[in-house]
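Please open the model in a viewer and keep the selection tool at hand. The tour below proceeds stop by stop, naming what to select and what is found there.

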Amino acid sequence: MRYISVNPIRAVFRKLAGRWTTAGLVMNLITVLLLLSAWNTGENLLYIILGGTLGLLLISSILGRINLSGLDLTVETADAVHRGDPLSAHVELRSRRWLLSSFSIRIILEGDTAAQAVAHLLRIPPRSRAQVDLDLCFNRRGEHRLINCRLRSAFPFGFYVREKRFPLENSVLVYPMVYPVSISPFERGMGAMVRARRSDEDGDEYFSLREYQPGDDIRRIVWRVSARLGTLVVREMGLGTLKTVIILLDDSGVRTPEDADRFETAVEYAASLAAAFLHKQYDVGTAAGYTAGIPPARGSFQEHRLLEWFARIQPAKTADGDHLLADRLLKLRAEPVRILCVSHRLNPAELELPQSCSVITPVEVGADG
Amino acid sequence: MAVMQKEQHTTSLIRRLIETIERVVYGKRDVVERCVIALLARGHLLIEDVPGIGKTTLAQSLARSVDCSFSRIQFTSDMLPSDILGVSVLNPKTGAFDFRKGPIFAGIVLADEINRTPPKTQSALLEAMSEGTVTVDGVTYTLPKPFMVIATQNPIEQEGTYTLPESQLDRFLMRVEMGYPPEQDELLIMRRHDPSAVLASLEPALTVQELLDLQWQASEVRVDPTVERYILAIVRATRTHSSVRLGASPRGTQGLFEASQARALLQGRDFVTPSDVKDMAVNVLGHRVLVRGRSADLTASARERNRVIEDILRDVPVPD
Amino acid sequence: MVNLQQTTRGAVYLAIFSGFLALASVRVYGLLMAVVPVILIALNLLTERWETFRALRQFKTVISILYAVFIPISVVLMGLLQAVVSLVIFIICYLSIGRLTIKSSYELLLMAFFLVLGAVVQSPEPLIAVALAGLLLSVVWSFALLTVQADRQAATAARPAVVLNAQGKVLDDIWQLWHVLGTLALVSVAALVLGGVLFLFTPRVEAGIFGRADYQRAITGLTDRVRLDGGMSIYQDTSAVMHVEFPEEPEGVLIPADALYWRVTTLSRFDGAEWSRYQETAPRGELPIIWPFAAGNNLVQIGKAVQRDPNPGRRLVRQEIFVDDVPTGALPVLDLVQYVAIEGDERNPMTVQWDPGGDYTVILNARGPRRLTYQAISELFQPDPETLAAAGWEVTDLSQSFLNVLLYQDLLESTQARIDEVTRDAQTPYQVMKALVDWLNGPDFLYTLDLPPLPPTHPIDAFLTQTRRGHCELFASALALAARYKGIPTRVVNGYRGGDYNPSEQAYIVRANMAHLWVEAYFQGIGWVRFDPSPRSDYTATGLAYIRQRWSQQLLLAKMFWYRNVMGFQGGWRLDTLMERWRNEHSGGGSKALEAFLEFTSPDRRSRFILPATLIFGVLFAGTVLGLAWRMFRKDHSPYDRVMLTLHQRHARRLIRGLRRQLERVGVDTRGLTAEELLRKAAGTPAVDQEKLSRLLACYEQARFGGGTMTFRDFWRLRGISILRIAERRQDR
């Protein structure tokens, strides 16, 4: 997954919209009045002034029309951003014209949910490029889109504002906000649930000693004990403590808007928890009642996969999903994993989960901060 | 007069060092200079770049040029700290435990692909770097002097990597990118028959004592109070910039200070000018700031950080 | 260093200045109006930073309330138009106090426009052309720059945009700004040209539905009365008042040169201290005829042209005359006018008519400005001396009442004795006149503009017997009274004498200081004959007066152009025929009330140009105030100033600061650049200079940061290098 998603937008502009400003309306009014009074009195001075105002209006209309023509737009954004962090969008404007520059353009980037950023470009010469970085803030997690990029200009005199609209197709995934959580309360109870298993592999907790067998990694030889015993002894590592965690997210039973808010809090907490475990070199996976989960793994790539899952997950609206969670839990218990259940409900007893599964609820989340 | 002679001597030494390295490393004058600056400033270097670019060659030629011992550690994901630091081995004859020194006990250590190994191993290396000593089984062993770690990270691969956390990056004085060589030089590289032979034939340009002397001289380079304020202003500006989540620490200030001194010495001066500071700022401070927003790719995040530093350099007034 | 906000402010200031300049071009207000905007601009610069003071805002509220109360009073005092103008001026003053925001800038522009409109309806001088041009330019610049400012303020992006040209080079912000200003300059030119073109081709019609504007009555130099104790101040005034061409004379030169007498007013009545006009009454429809005419005269009395049958055997001279300000007495025409036609202008209701007083001068009736171009034909009347000498003493052509007036004099006996003594050898009236003229022209009398004080009674006696020094008034009066004493009916004539010939145009310029008074004596059977006792004046303008003379000549020509071709422009597409038809259908009614309304304008007041000293003082004062304000509010110095520096370090710092300033003046952004980078920017390509520059850099760095030395001499030498570099670079640009 890369930072820059290359989504170039060519100038697919639909319509050059415009409107008069106050100054423009006043100018028009003055011109009309001047025309009437000049016709009335025949005073040549008034004709001179009238010539001036008409000239200004003419220049304004010609230059204004030219100003926004021949401009192409490219918008590059990151694929993903955390909720609350600004999304940096890189906008490049290219002028196809050969002769005249464009002046004083407002570049307005619009995302859905009313996110907007404005930049000002003083001048773009012919056959040149202008690059500007805009920050858009999204306040809800999930999939968002950038809708439009508008170019707006009132050049030259501010009488008439013209606008050129470029529809965009960039989509941005907004991850839930990840904040530091302490996982030590969970680590303590880690070994309790599941039987320890031996393994030749990566567990780094001391498990047992056994005799050296040809083929064992000589790095595992415990020299001190071997010296005492007189034979070579290797250390066998095992999964003393479980370094695999599955975060089970309760995605059902969201009926009211308050439920939805609590669900969001729960998702962010779950994501933060997952990140914390990952940084402590645990294998982390996810599961949920309705949505399929992600199998546990570790590393930064897994972090992205998890964040994406947390970003996209939406609660199911139906009421009868409660038992799905319990089913999922039962399936998971067969695996050598530690399960942490995060739920938004105020009363976790509704879930009817087995006693031994600890459920983290919003109330506790609030206490944790 | 004596001062001038000494200066000329210093300059010629450094020139000789650089030329020696360049006999093997083509077309990388900038990076070589920065390596030498890091060496003179007694700092460690982090090179981020794609494989095959000559990082190993650079480190090796540097080591040979200063007549230091060289060791290369290739990091893998199942490495243990003992693989780096060393392990106590039972000597059956004496019945005691001998400490076999790990590859870290060398003058110049090349830590290749440091982001492939789990944090436990990473921290073993990094602590040794910062403390200058290694403690195994309760016994403390000092690392040789001079001691310099050149670590590399591969910015492209993502699977199964453990990105070096920003707080640990602080321990590196500088971060550089090597980049592809220019066309002429790549042509020369292509035609080179036996690179290892050239490396083997490299004569050291400096003795260890001369190197230590140069390092001492670098620390004695004069810094005008105005330039000190400039350095401080830059570092403090990294803490208040709008795009920055966390700015550089006082270690960064110190790093910039020492690196500017070393660069001044490289240029043949015995005083630091603002140009030195400006030149070193991106390399020294770039990896020490945390910017807002998420970037999954090392290259992109580096680009973002460098842009912030350049912004700051433009805004902070330069002392006249 | 060019700055968007300062340029915008400058444009708005220009608008204010143009508005007041427009007012200054109206005679009523005078050029003093042009000083007011300078004060306002200074006021704005001073109170720029005081916006936050509550006292300032309270002050503004208080004065606006006071003025609101004053408005109805002002309407009563000054008339509606002037009240509106003063309200607009007040609003401008109000807006000038405090900071100029975008909104207040727009309002100021609108107010300046209103000022210009207010001036346009009050028949301004051609200076209004400058004000109009200034307003157009400032409108173009202000609107454009205010738009840019508003757009800039709306931006939320933290960092500005980076622009790369086709080769990928990043464009300097300053360079961009220069381009904007350059484009605006081009747009200004286009606006001026387009305005002119549209002016020429706009369809025109003159509806006159709401009546027409009334103009000020102008007062001119020559008057209907001449007081002997008051000096004519226009003697020193070299401003051009008339432009004359003789289309039928070779090369436009009139021969003889001494025929250049321009008659305006005849003053027949003398009351001891003052000459004034005498109106001879005549039956209706007829002119009181003094001169013999052929019977069955063809006389056109009043209209766009007047004429009479020419007397046979006299030389006719055709003239084409432009007068900036026609005297109320009559149109200045060469000696005996036979025909006058004024150039048609359907709008301005001017007519000419023969003077009912029987002077054979032509009067101009105009309710508007009294500028005029007219054609005239004059008879040059030079009776030969023999005929004149033969004329007798008996005069029967004139009525008795008129004769009484023409013979009245109050000379003392001593004076009379002196006159008798001078004319003892003369027998005929002509000989008497000649003797008197010779006497007054002789060594006994001195023509001078320095008048010794004359007694309030019998001033001419004092002139003739004691002081014998004076100007044309005294000479003419003396001649007239003396001739009257001897029984010759005489009167004085007010007008101009002479003219400066301009070979490039083949035209004459008559100036104000050529105003003259001479004498006409009546000879039975011949008519009024001219006698001029004043010697020719030797006044030639030198130095400043000469410059003023040339300048006023150019001004007159410019004014001629303005009035003939711009104000009097009759081109375009005229839709008047439609209006005429409409007017014929709806003739009469309505406009009378409107005319009365338009009479509501201010009373006549002569405006004079204020002494240059006042203006110079005002400018100096404003300049000082502005300079002080600038120093007070200059930008902060660098934060490194608190560090103590040695003398050598200071020299080094001065060196680099000078370099930085030079680069900024050329338009380079020097923010965040070290000395090395600055020098690189300033470097050229020849290798020789590179070496000098690197030496310069090494000296600077050694002195500034390395504890080295830089004496003042070193500094001066090195400074020379850096200046040289910049000058060359400027050439490259």
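Begin by displaying chain C together with chain A: in this predicted model, the two bury about 4700 Å² between them, and carbon and sulfur atoms give 68% of that area. Of the residues in chain C, the ones that lose the most area to chain A are C:Phe113, C:Asp151 and C:Leu164, which together make up 11% of what that side buries. To colour the whole contact, select 61 residues from chain C and 50 residues from chain A.

Next, select A:Arg106 and C:Asp151. Their side chains form a salt bridge, with N to O at 2.6 Å; across the interface of chain C and chain A, the rule finds one such bridge. Polar contacts between chain C and chain A amount to eight residue pairs, both residues being at pLDDT 80 or more. Which elements of chain C each supply at least two residues of the side that touches chain A? They are α5 (102-120), α6 (127-154), β1 (162-164), α7 (173-201), β2 (203-204) and α14 (543-567) of chain C. The largest share of that side comes from α6(C), with 13 residues.

Remain in chain C and move to helix α18, residues 647-666. Because a helix is expected to rise 1.5 Å a residue, its 20 residues should span 28 Å; the end C-alpha atoms lie 29 Å apart, which agrees. Colour the buried residues of α18(C), among them C:Gln649, C:His651, C:Ala652, C:Leu655, C:Ile656, C:Leu659, C:Leu663 and C:Val666. Two arginines, C:Arg653 and C:Arg660, are also on the buried list. When reading such a pattern, recall that an α-helix has 3.6 residues a turn, so residues three or four places apart point the same way.

Now bring chain B into view beside chain A. The area buried between chain A and chain B is about 2000 Å², with 54% given by carbon and sulfur atoms. Chain A contributes 22 residues to this contact and chain B contributes 24 residues. Select B:Arg307 and A:Asp133, whose side chains meet in a salt bridge at 2.5 Å, N to O. On the side of chain A that touches chain B, two or more residues come from each of β4 (80-82), α5 (223-229) and α7 (300-312) of chain A. The largest share of that side, six residues, comes from α7(A).

From α5 of chain A, continue to A:Leu232, in the loop between α5 and β14 (233-239). Is A:Leu232 buried, partly exposed or exposed? Its relative accessible area is 36%, so A:Leu232 is partly exposed. Beyond its neighbours within four places in sequence, A:Leu232 is in contact with A:Glu211, A:Tyr212, A:Ile221, A:Trp223 and A:Ser226. Select A:Gln213 as well: A:Leu232 and A:Gln213 are 19 residues apart in sequence, and their C-alpha atoms are 8.8 Å apart in space.

Finally, isolate chain B, which has 13 helices and 11 strands. Of its 320 residues, 56% are buried. Among contacts in chain B with a separation of 6 or more, 77% join residues 24 or more positions apart. Within helix α10 (residues 225-240) of chain B, select B:Thr226. B:Thr226 has a relative accessible area of 0%, so this residue is buried. Restore chain C to the display to see the side chain of B:Thr226 in polar contact with the side chain of C:Arg704, at 3.4 Å.

How values were computed: Residues are numbered from 1 along each chain as its sequence is written. Chains are lettered from A and ligands numbered from 1 in the order in which they are written. This is a predicted model: local features need pLDDT of at least 70, side-chain atom pairs count only at pLDDT 80 or more; totals for chains, interfaces and linings use all residues. Side-chain values use heavy atoms; hydrogens and water are left out. Helices (H or I, at least four residues) and strands (E, at least two) are DSSP runs, numbered from the N terminus. The expected span of a helix is 1.5 Å times one less than its number of residues. Buried means under 20% relative accessible area, exposed over 50%, partly exposed in between (1.4 Å probe, protein chains only). Contact means heavy atoms within 4.5 Å. Buried area is the accessible area (1.4 Å probe) that two parts lose on being put together, summed over both. A salt bridge is a side-chain nitrogen of Lys or Arg within 4 Å of a carboxyl oxygen of Asp or Glu. A polar contact is a pair of N or O atoms within 3.5 Å; within protein, one must be able to donate a hydrogen and the other to accept it, and residues adjacent in sequence count only if both atoms are side-chain atoms.
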